[in-house]
Amino acid sequence: LLPAIAVLLDTSQSMGQPERPGKASRLEEAKTLLTEGTNPLLKSLNERFEVRLYGVSESLRAIEVKELAGLKAEGMKGNLSEILKELSGKNTLALLFSDGNLKWNEGQSTNHPLITVPLGSPGEYKDILIKAVKAPSLAFRGREVMIDVSIKSYGYTGLTLPVLLKEGNKLLTAKNIRFNTS
């Protein structure tokens with residue numbers, strides 16, 4: 001029996017974005033890596049493994065090779081920790097094609113080997129995201145509460161960005177932050 005390998009294709013909406021204007025989408029880049037060239041990766045993997053192909057967005061979905069051509073980037077981002085937990089025990093290894101826009105709980109160990117194939121050009125990648133929000137679980141009216149927010153940027157060095165904290169339509173506080181590094 002051949003060892004099983006899970007080939008995971010990220011099909012979240014961000015994979016529909018091109019590396020740069022006029023280029024193919026990140027999902028198309030993944031499909032090309034898997035199916036085209038003198039020795040397509042899927043063909044090569046099939047010689048040594050039992051290949052199981054999956055689409056990854058908000059859930060894990062088994063797909064057939066013939067479905068690859070019509071596969072679209074239209075789902076929400078998935079939770080990689082949950083996906084690896086679901087694959088655990090069924091596959092020797094997981095090979096993930098993604099732009100990295102997946103949820104992942106770093107503290108949760110899956111004990112499942114994973115190889116990632118990054119898609120898109122990191123030099124062209126631009127994004128601003130809220131990495132973490134830390135607030136007390138309990139607050140009292142009339143007492144000051146400290147809320148820590150970590151914001152990360154890629155490709156926006158020198159940008160000043162307003163950050164607003166609102167309750168409904170009511171503005172609670174505002175602060176400008178400057179990204180010195182990306």
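Select Val56 and Leu60: Leu60, in strand β3, is the bridge partner of Val56. Strands are DSSP runs of E of at least two residues, helices are DSSP runs of H or I of at least four residues, and both are numbered from the N terminus. The model is a predicted one, in which local features need pLDDT of at least 70, side-chain atom pairs count only at pLDDT 80 or more, and totals for chains, interfaces and linings use all residues. Residues are numbered from 1 along each chain as its sequence is written, and side-chain values use heavy atoms, with hydrogens and water left out.

**Stop 1: the strands around Val56**

Now select β2 and β3, the latter being residues 60-62. The two pair in the antiparallel sense over 3 bridges; strands count as paired if DSSP finds at least two bridges between them. A hairpin of 3 residues joins β2 to β3.

Add strand β1, residues 4-10, and colour β2, residues 50-56, to match. This pairing is parallel and runs over 7 bridges. To see one of the bridges, pick Ala6 and its partner in β2, Arg52. While the strands are on screen, look at which way the side chains point: in a regular strand they alternate between the two faces of the sheet.

**Stop 2: Ser57**

Select Ser57, in the loop between β2 and β3. Is Ser57 buried or exposed? Its relative accessibility is 10%, so Ser57 counts as buried. Buried means under 20% relative accessible area, exposed means over 50%, and partly exposed lies in between, with a 1.4 Å probe and protein chains only.

Which residues touch Ser57, leaving aside its neighbours within four places in sequence? They are Thr11, Ser12, Gly75, Met76, Lys77, Gly78, Asn79 and Ile83. Contact here means heavy atoms within 4.5 Å.

**Stop 3: Lys72**

Move to Lys72, in the loop between β3 and α3 (80-87). Lys72 is exposed, with a relative accessible area of 53%. Not counting residues up to four places away in sequence, Lys72 touches Thr11 and Leu27. Thr11 is also among the contacts of Ser57.

Next, draw a distance from the C-alpha atom of Lys72 to that of Lys166. The two residues are 94 apart along the chain, and their C-alpha atoms are separated by 36 Å.

**Stop 4: salt bridges**

The count of salt bridges comes to 5. A salt bridge is a side-chain nitrogen of Lys or Arg within 4 Å of a carboxyl oxygen of Asp or Glu.

Select Asp99 and Arg26, whose closest N and O atoms are 2.8 Å apart. Asp99 lies in the loop between β4 (93-98) and β5 (114-118) and Arg26 in helix α1 (residues 26-35), so the pair ties together parts that are 73 residues apart in sequence. Both Asp99 and Arg26 are buried.

Stay in helix α1 and select Glu28 and Lys31, which are 3 residues apart, or about one helical turn. Their side chains meet in a salt bridge of 3.1 Å, N to O. Glu28 is partly exposed at 34% relative accessibility, whereas Lys31 is buried at 6%.

Then select Glu67 and Arg61, which form a salt bridge of 3.3 Å, N to O. Glu67 is partly exposed, with a relative accessible area of 32%, and Arg61 is partly exposed too, at 41%.

**Stop 5: a nonpolar patch**

Select Ile130, Val133, Val145, Ile147, Val149, Leu165 and Leu172, and show the surface. Together they make a nonpolar surface patch of about 570 Å². Patches are made of residues with over 30% relative accessible area and no salt bridge; like charges are joined within 9 Å, and nonpolar side chains (Val, Leu, Ile, Met, Phe, Trp, Tyr) within 5 Å. Within the patch, find Val145, in the loop between β6 (127-134) and β7 (148-154). Val145 is partly exposed, with a relative accessible area of 35%.

**Stop 6: the whole chain**

Finally, zoom out. The protein has 3 helices and 9 strands, in the order β-α-α-β-β-α-β-β-β-β-β-β along the sequence. Its radius of gyration is 20 Å, well over the 16 Å that the globule rule gives for 182 residues, so the protein is more spread out than a compact globule. The radius is taken over C-alpha atoms, and the rule is 2.2 Å times the number of residues to the power 0.38. Along the principal axes, the C-alpha atoms fill a box of roughly 65 × 40 × 25 Å. Buried residues make up 29% of the 182 residues.

Conventions
Areas by Shrake-Rupley, 256 points an atom, 1.4 Å probe, with all protein chains shown as cover.
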